[in-house]
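Hi everyone, thanks for making time. I'd like to walk you through one model today, so have a look at the screen first.

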Number of protein chains: 2
Amino acid sequence: MTVPISRPRSTPAIASPLFLREDEIRRGIELLYFGYSAMVRGADTILAREGFGRAHHRALYFIARSPGLSVGDLLRLLAITKQSLGRVLNELQAHGHVTQSIGASDRRQRLLHLTATGQALEAALFAELEAGMAAAYGEAGQSAVTGFWAVLVGLIPAEDRALVAGLSQG
Amino acid sequence: MTVPISRPRSTPAIASPLFLREDEIRRGIELLYFGYSAMVRGADTILAREGFGRAHHRALYFIARSPGLSVGDLLRLLAITKQSLGRVLNELQAHGHVTQSIGASDRRQRLLHLTATGQALEAALFAELEAGMAAAYGEAGQSAVTGFWAVLVGLIPAEDRALVAGLSQG
DNA sequence: CAAGATATGTCAACATGACTGTCCCAATTT
DNA sequence: AAATTGGGACAGTCATGTTGACATATCTTG
């Protein structure tokens with residue numbers, strides 16, 4: 001598995017700050033791509049065994065993270081159409097992993113919850129992600145983790161940051 | 001776009017190191033998901049205009065990064081089947097963005113290159129990613145960038161790290 | 001040199017998870 | 001009462017992955 005290496009596309013005769021910057025940008029793009037791929041790959045085995053895909057995992061994850069989440073809020077988190085989410089939620093409900101309840105303050109809302117089996121499945125999937133992330137944290141150290149978060153927050157458009165931050169707060 | 005916030009799944013009565021750790025793990029998972037999504041979203045507009053998808057972008061990116069890359073090495077980088085890659089490469093070649101040459105040391109190999117229009121398209125796509133990444137780097141600072149890389153490297157299985165590192169070296 | 005392994009390509013069928021567009025109902029807001 | 005919002009459903013399409021089987025050219029090895 002050797003990849004032949006070539007010079008980057010634009011190769012200045014002498015190293016310049018601009019060259020260094022492009023190399024650092026490319027390093028970030030590539031590590032983000034491979035790191036993300038590596039993180040989700042572990043869960044795929046479990047999902048395949050259960051007959052689900054990554055879309056089901058994402059729904060399970062956010063419902064576990066915020067029990068009682070409304071369908072609309074889940075749609076905004078996932079940034080997909082309600083038709084796409086509808087199929088996923090129907091399948092999860094058909095398998096008895098997710099239930100709905102009617103919103104107390106707004107009876108139009110359907111609030112999503114995991115059943116016991118749904119919680120068990122999500123916990124198994126989370127354990128997979130956790131193992132990889134905890135190992136990476138431990139290897140990199142706490143100050144690296146802070147930097148890791150800071151760059152990722154910087155990648156998220158300002159108007160979307162509140163959405164992500166809201167998950168971590170009470 | 002307000003997301004109702006609930007307590008995390010397992011909520012200890014008092015904050016414990018274990019609770020803090022789970023919260024930090026979840027923060028990493030979520031930021032990685034949203035950060036990755038944010039990075040690729042910018043390029044989607046250009047891709048849609050050209051009639052291509054993310055699979056085409058990934059192929060263009062790695063061919064631009066390592067001109068003369070062989071089909072097999074690209075397959076190992078993308079970790080997909082040759083049938084999937086074959087369709088993408090055929091489309092890129094049909095649009096005149098990619099050409100092949102025969103390997104000098106091994107005539108079975110097909111080495112991939114971008115044409116002038118392929119380079120122009122890849123450059124436009126790269127500029128999109130670069131804008132977001134450079135802004136995030138600037139916002140977070142250089143030491144954060146180092147930590148960002150360190151955690152992502154830690155996520156990648158040890159046996160795959162050489163593949164990624166090989167892209168940056170000569 | 002013959003045999004096997006490797007690099008690549010192709011045909012066919014299929015699964016997942018997105019999309020658009022349209023229509024519907026119930027509940028809330030104005 | 002009318003308009004908006006939250007949610008659901010039906011139909012069709014597209015992008016991108018998968019398996020499996022097979023073909024061809026080239027390289028490597030006994």
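I'll start with how chain A is built, then turn to the two DNA strands, and finish with one residue of chain B.

Some housekeeping before that. What you see is a predicted model, where local features need pLDDT of at least 70 and side-chain atom pairs count only at pLDDT 80 or more, while totals for chains, interfaces and linings use all residues. Residues are numbered from 1 along each chain as its sequence is written, chains are lettered from A and ligands numbered from 1 in the order in which they are written, and side-chain values use heavy atoms, with hydrogens and water left out.

Okay, chain A. It has 7 helices and 3 strands. Helices here are DSSP runs of H or I with at least four residues, strands are runs of E with at least two, and both are numbered from the N terminus. Reading from that end, the order is α-α-β-α-α-β-β-α-α-α. Chain A has 170 residues, and 45% of them are buried; buried means under 20% relative accessible area, exposed means over 50%, and partly exposed is in between, using a 1.4 Å probe and protein chains only. As for contacts, meaning heavy atoms within 4.5 Å, take those in chain A with a separation of 6 or more: 49% of them join residues 24 or more positions apart. The exposed area of chain A is about 8,100 Å², with 56% of it supplied by carbon and sulfur atoms. Those areas come from the Shrake-Rupley method with a 1.4 Å probe, and for residues only the protein chains shown count as cover.

Now, in what order do the strands of chain A sit in the sheet? The order is 1-3-2, in an open sheet with antiparallel pairing. Pairing here means that DSSP finds at least two bridges between two strands. At the edges, each pairing on one side only, are strand 1 (69-70) and strand 2 (98-102) of chain A. Strand 1 meets strand 3 (residues 110-114) of chain A over 2 bridges, antiparallel. If you want a spot to click on, find A:S70, which faces A:L111 in strand 3 of chain A.

While you're on chain A, look at A:D73, which belongs to helix 3. Is A:D73 buried or exposed? A:D73 is buried, at a relative accessible area of 5%. Its side chain also has a polar contact with the side chain of A:R76, at 3.0 Å. By polar contact I mean a pair of N or O atoms within 3.5 Å; within protein, one must be able to donate a hydrogen and the other to accept it, and residues adjacent in sequence count only if both atoms are side-chain atoms.

On to the DNA. Around strand D there are 23 residues, and A:G72, A:K82, A:Q100, A:R108 and B:S84 come nearest. A residue is near a strand if one of its heavy atoms lies within 4 Å of it. Of the atoms of DNA strand D within 4 Å of the protein, 57% belong to sugar and phosphate. Which part of DNA strand D does the side chain of A:R108 reach? An N or O atom of that side chain is 2.5 Å from a base oxygen. B:T81, in turn, has a polar backbone atom 2.7 Å from a phosphate oxygen of DNA strand D. Helix 2 of chain B gives the largest share of this surface, 4 residues.

DNA strand C has 23 residues around it, and A:G53, A:R58, B:G72, B:K82 and B:R108 come nearest. Sugar and phosphate make up 59% of its atoms within 4 Å of the protein. A side-chain N or O atom of B:Q100 is 2.7 Å from a phosphate oxygen of DNA strand C, and a polar backbone atom of A:R54 is 2.9 Å from a phosphate oxygen of that strand. Here helix 2 of chain A gives the most, with 4 residues.

Last stop: B:L112, in strand 3 (residues 110-114) of chain B. B:L112 counts as buried because its relative accessibility is 0%. Its C-alpha atom is 5.4 Å from that of B:L69, 43 residues away along the chain. Beyond neighbours within four places in sequence, the contacts of B:L112 include B:I63, B:L74, B:L89 and B:V98.

That's my tour, so over to you.
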